[in-house]
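Subject: Structure for you to look at

Hello,

Here is the structure I promised to pass on. Please open it and keep it in view while you read my notes below.

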Amino acid sequence: MGDAELRLVENAAWKIVQSEDDKLSPLLGHLLVPIIKKLGSSDVKVRAKTAECIQHITKRVRLNNDIQLPLPALLSAMQETPAVPLVRNVCSIFIPMACDRLPSEDMTKIVFTLIAKLRASDFSQRQQTQLQVMFVRHFPRCKFSFARSSQSDSMQQAMIDAGVEEADLEAFIPFAINYMLLVAGEVPEVPAGLSKETFSELLAGRHSATPADLAGEKLNLVKFLRRSNLPDNLTLLPILLGSADANTAVREEAEDALKRQLEVSYEDRKLV
């Protein structure tokens with residue numbers, strides 16, 4: 001079994017090495033995740049050859065932003081391999097790159113898979129936060145309608161298609177609260193209300209957030225929460241934080257939600 005498994009990895013590695021960059025995307029679509037899963041092999045030679053191949057792939061992918069990566073397969077691999085932390089860790093390296101390279105039209109179709117079923121997973125807190133951060137960063141690229149009259153039917157359908165349940169959205173709220181506390185800056189400082197660990201996880205490899213980028217993400221986060229169909233008492237706090245944001249667009253969107261949409265009692269002791 002070990003020799004046959006090693007030959008499979010060697011053959012896959014040879015195909016990748018020999019492939020030109022413009023032909024690499026479809027090849028990785030078929031081979032990347034199966035190769036990553038070989039890190040869970042019981043054969044040390046297979047694991048060593050797999051690690052060598054992954055290093056080669058990583059180097060080429062980082063040098064060429066046009067190379068596409070199979071985001072849905074990477075997400076599935078993370079969910080399917082709880083007993084192999086190394087597989088999950090390597091998938092988590094490729095997932096941000098896969099998100100960055102995915103065209104907006106494709107991201108619109110699968111963006112909700114980033115937060116679907118997280119509440120039922122055994123991902124570490126850092127892994128969960130990484131996927132939630134990817135959702136917030138890339139949600140602004142999605143082509144959903146935010147017209148109040150349409151109730152964002154296309155967004156709701158995308159959530160259904162991804163298998164997002166109410167419990168997933170409820171689990172997303174604490175993250176949304178933390179994200180609304182972030183402040184843009186060249187040298188990011190830990191905002192009041194966040195621990196250093198949580199702050200580091202929210203940055204997720206980004207050394208700083210420009211005011212424009214962070215404002216766009218917060219604005220769309222508020223829009224998403226308004227149309228998530230969650231109970232008002234759950235979405236109130238992140239939207240309330242948005243109403244005090246330094247960015248005008250974020251503040252106005254949140255204030256509008258508070259005036260027009262949210263129906264909560266500020267006398268409710270549980271809410272307070």
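Of the 272 residues in the chain, 46% are buried. Keep in mind that this is a predicted model. The chain has 13 helices and zero strands. Read from the N terminus, every element is therefore an α in the run α-α-α-α-α-α-α-α-α-α-α-α-α. Now look at contacts between residues at least 6 apart in sequence. Of these, 70% join residues at least 24 apart.

**Helix 7**

Start with helix 7, residues 125-138. How far apart should its ends be? The helix has 14 residues, and at 1.5 Å a residue it should span 20 Å. The expected span is 1.5 Å times one less than the number of residues, so the count to use is one below 14. The end C-alpha atoms are 20 Å apart, which agrees with the expected span.

Is helix 7 mostly covered or mostly open? It is mostly covered, with twelve of its 14 residues buried. The buried set includes Gln-127, Gln-128, Thr-129 and Gln-130. Leu-131, Gln-132, Val-133 and Met-134 are also buried. So are Phe-135, Val-136, Arg-137 and His-138.

Which helices do these buried residues pack against? Helix 4 (71-80), helix 5 (85-101) and helix 6 (104-110) are among them. Helix 9 (166-180), helix 10 (196-203) and helix 11 (211-226) are the others.

**Helix 10**

Helix 10 has four names to find: Phe-199, Glu-201, Leu-202 and Leu-203 are its buried residues. The cover over them includes helix 7 and helix 9.

**Helix 9 and helix 11**

Next, turn to a helix pair. Two packed helices are described by the angle between their axes and the distance between the axes. Helix 9 and helix 11 pack at an angle of about 145 degrees. Their axes are 11 Å apart. The crossing of helix 9 and helix 11 is left-handed. On the helix 9 side, the contact is made by Leu-169, Phe-172, Ile-173, Ala-176, Tyr-179 and Met-180. On the helix 11 side, it is made by Leu-214, Glu-217, Lys-218, Leu-221, Val-222, Phe-224 and Leu-225.

Look at the spacing of those numbers. An α-helix has 3.6 residues a turn, so residues three or four places apart point the same way.

Phe-172 of helix 9 deserves a stop. Its relative accessible area is 1%, and the cut-off for buried is under 20%, so Phe-172 is buried. What does Phe-172 touch, leaving out residues up to four places away in sequence? It touches Ile-115, Gln-132, Phe-135, Val-136, Leu-221 and Phe-224. Of these, Gln-132, Phe-135 and Val-136 are also buried residues of helix 7. Leu-221 and Phe-224 also appear in the contact with helix 11. The C-alpha atoms of Phe-172 and Arg-119 are separated by 8.6 Å, though the two residues are 53 residues apart along the chain.

**Leu-74 and Thr-50**

Leu-74 lies in helix 4. Its relative accessibility is 0%, so Leu-74 counts as buried. Beyond its neighbours within four places in sequence, Leu-74 is in contact with Leu-32, Val-33, Ile-36, Cys-91, Phe-94, Ile-95 and Ala-98. Ala-98 is 24 residues from Leu-74 along the chain, and their C-alpha atoms are separated by 8.8 Å.

Thr-50 is in helix 3. It is buried too, with a relative accessible area of 0%. Its contacts, beyond four places in sequence, are Val-9, Ile-35, Lys-38 and Leu-39.

**Asn-64**

Where is Asn-64? It sits in the loop between helix 3 (44-63) and helix 4. Is it buried or exposed? The relative accessible area is 18%, and buried means under 20%, so Asn-64 counts as buried. Its side chain makes a polar contact of 3.2 Å with the side chain of Asp-21. A polar atom of the Asn-64 side chain also lies 2.9 Å from the backbone nitrogen of Asp-66. Beyond four places in sequence, Asn-64 touches Asp-21 and Arg-101.

**Cysteines**

How many disulfides are there? The count is zero. Take Cys-99: the closest cysteine sulfur is in Cys-142, 9.9 Å away. A disulfide needs sulfur atoms within 2.5 Å, so this pair is too far for a bond. Cys-99 is buried at 0% relative accessibility. Cys-91 is buried at 0% as well.

Best wishes

Methods: Residues numbered from 1 in each chain as written. Predicted model: local features only at pLDDT ≥ 70, side-chain atom pairs only at ≥ 80, totals over all residues. Heavy atoms only, no water. Helix = DSSP H or I, 4+ residues; strand = E, 2+ residues; numbered from the N terminus. Buried < 20%, exposed > 50% of the residue type's maximum accessible area, 1.4 Å probe, protein only. Contact = heavy atoms within 4.5 Å. Polar contact = N/O pair within 3.5 Å; in protein donor to acceptor, adjacent residues only side chain to side chain. Axes fitted to C-alpha atoms, helices over the stretch in contact; angles between N-to-C directions. Left-handed = near helix turned anticlockwise from the far one by under 90°.
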